[in-house]
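Here's a small protein chain to explore with a few questions. Take a look at it first, then work through the answers.

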Amino acid sequence: MDSYECTVCGYVYDPAKGDEKNQIPPGTAFEDLPDDWLCPLCLEGKEVFEKVS
């Protein structure tokens, strides 16, 4: 699974870790995050994230 980085604050969503702050369990792919999921650091939406190469 690919990691995605917030282009606003630099937070990296790692699917192996999930997002504990937003109750997203480890193993959740970025594509499977809810549409209303927000970056836990800057509260921007999924649209500002880019795949980390």
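Q: Is L43 buried or exposed?
A: Keep in mind that this is a predicted model. L43 sits in the loop between β2 and β3. To count as exposed, a residue needs over 50% relative accessible area. L43 has 55%, so it is exposed.

Q: What is the phi of L43?
A: Here's some background: most residues other than glycine have a negative phi. L43 isn't a glycine, yet its phi is positive, at about 65°.

Q: Which other residue, in the loop between β2 and β3, has a positive phi without being a glycine?
A: Look along that loop for a phi near 55°. The residue with this value has a relative accessible area of 66%, so it is exposed. The residue is Q23.

Q: What order do the elements of the protein chain run in, from the N terminus on?
A: Start with what's there: the chain has zero helices and three strands. Reading from the N terminus, then, you get β-β-β.

Q: What radius of gyration does the protein chain have, and how does that fit the globule rule?
A: For 53 residues, the globule rule gives 10 Å. The chain comes out close to that, so it is as compact as a globular protein of that length. Its C-alpha trace spans about 25 × 25 × 15 Å along the principal axes. The radius of gyration itself is 10 Å.

Q: What share of the contacts with a separation of 6 or more joins residues 24 or more positions apart?
A: A contact here means heavy atoms within 4.5 Å. Among contacts in the chain with a separation of 6 or more, residues 24 or more positions apart account for 42%.

Q: How many residues make up the largest nonpolar core?
A: In soluble globular proteins, nonpolar side chains tend to be buried together. In this chain, 38% of the 53 residues count as buried. The largest nonpolar core includes Y4, C6, Y11, W37, C39 and V48. In all, the core has 11 residues.

Q: Which residues does V48 contact, leaving aside its neighbours within four places in sequence?
A: V48 is one of the residues of the largest nonpolar core. Setting the sequence neighbours aside, its contacts are E5, C6, T7 and V8.

Q: Is D19 buried or exposed?
A: D19 lies in the loop between β2 and β3. Not counting residues up to four places away in sequence, D19 touches Y11, Y13, I24, W37 and P40. Buried means under 20% relative accessible area. D19 has 3%, so it is buried.

Q: How far apart in space are D19 and E50, C-alpha to C-alpha?
A: In sequence, D19 and E50 are 31 residues apart. In space, their C-alpha to C-alpha distance is 17 Å.

Q: Is K46 buried or exposed?
A: K46 is in the loop between β2 (12–13) and β3 (49–51). Leaving out residues up to four places away in sequence, K46 touches F30, E31, L33, P34, D35 and W37. With a relative accessibility of 16%, K46 counts as buried.

Q: How far apart are the mean positions of the positive and negative charges?
A: The protein chain has 4 positive and 12 negative charges. Take the mean position of each set, and the two are 3 Å apart.

Q: What percentage of the exposed area do carbon and sulfur atoms supply?
A: The chain exposes about 3500 Å². Of that area, carbon and sulfur atoms supply 48%.

Note on methods
Residues numbered from 1 in each chain as written. Predicted model: local features only at pLDDT ≥ 70, side-chain atom pairs only at ≥ 80, totals over all residues. Heavy atoms only, no water. Helix = DSSP H or I, 4+ residues; strand = E, 2+ residues; numbered from the N terminus. Rg over C-alpha atoms; globule rule 2.2 N^0.38 Å. Buried < 20%, exposed > 50% of the residue type's maximum accessible area, 1.4 Å probe, protein only. Areas by Shrake-Rupley, 256 points an atom, 1.4 Å probe, with all protein chains shown as cover. Lys, Arg positive; Asp, Glu negative; His and termini not counted. Charge placed at Lys NZ, Arg CZ, Asp CG, Glu CD. Core = buried A, V, L, I, M, F, W, Y, C linked by side-chain atoms within 4.5 Å.
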